[in-house]
Amino acid sequence: MTRLLPERPHDTPEVEYLYDLAFAPGRTALSSYRLRAGPPVEGLSWMVRDDYDSLSAAIRYWPVRAGDSPCLLLGPIAVHPTRQGEGLGGLLMRHTLALAPDLGWTRVILVGDPPYYTRFGFRRDLATGLEYPPPTNPDRLLALELVPGAMEGVAGPVTAGA
């Protein structure tokens, strides 16, 4: 059985271990980590636990600005190597993206694999006006409108904090 649960403060060390396992300890050197100042967005850090209470997957979002516009920065999202291919990442994505508008968020950006994220509605063309901190492959910068038209006119540097 899979249980979808909000991440709590006491889960942080285990979630960080999963991120290290999935991305390697050098993950914090990536440009996205410069944007992850302060705590993640309240209500959008979720995880999946199995029958034995083992952590199977986790997702977090961070408040950022794109030009003058507040945005969510999705990530990291990770699935334990022994549970990959079971749809747990998709479960976390659908769940948290459905929660975000009720928390006042209208747009989400990320740097990731287009074939994976386009399945959830993320598009490259919505992010063309964004200036993401280097080094970043611009083809991997994607955006999603949680409200139609939310990315219209959104342009400029992506910076920490909303």
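A residue is called buried here when its relative accessible area is under 20%, exposed when that area is over 50%, and partly exposed in between, with a 1.4 Å probe and protein chains only. This is a predicted model, in which local features need pLDDT of at least 70, side-chain atom pairs count only at pLDDT 80 or more, and totals for chains, interfaces and linings use all residues. Residues are numbered from 1 along each chain as its sequence is written, and side-chain values use heavy atoms, with hydrogens and water left out.

Begin by selecting Arg-60, which counts as buried because its relative accessibility is 5%. Now add Glu-7, whose side chain meets that of Arg-60 in a salt bridge (2.7 Å, N to O); the term stands for a side-chain nitrogen of Lys or Arg within 4 Å of a carboxyl oxygen of Asp or Glu. Glu-7 lies in the loop between strand 1 (3-6) and helix 1 (12-23), whereas Arg-60 lies in strand 3 (residues 55-66), so the pair ties together parts that are 53 residues apart in sequence. Helices (H or I, at least four residues) and strands (E, at least two) are DSSP runs, numbered from the N terminus. Glu-7 also counts as buried, at 13% relative accessibility.

Keep Arg-60 selected and add Glu-16, since the side chains of these two residues meet in a salt bridge as well (2.5 Å, N to O). Glu-16 belongs to helix 1 and Arg-60 to strand 3, so this pair ties together parts that are 44 residues apart in sequence. Glu-16 counts as partly exposed, with a relative accessibility of 27%.

Next, select Asp-125 and Arg-123, whose side chains form a salt bridge of 2.6 Å, N to O. Asp-125 is partly exposed at 45% relative accessible area, and Arg-123 is partly exposed at 38%. Then select Arg-3, Asp-11, Glu-14, Arg-49 and Asp-53, which are joined into one network by salt bridges that share partners. The structure holds 8 salt bridges.

Finally, move to helix 2 (residues 88-99), and ask how the distance between its end C-alpha atoms compares with the expected span. That span is 1.5 Å times one less than the number of residues, so the 12 residues should span 16 Å, and the end C-alpha atoms are 17 Å apart, which agrees. Colour the buried residues of helix 2 to finish the tour: Leu-88, Gly-89, Gly-90, Leu-92, Met-93, Thr-96 and Leu-97.
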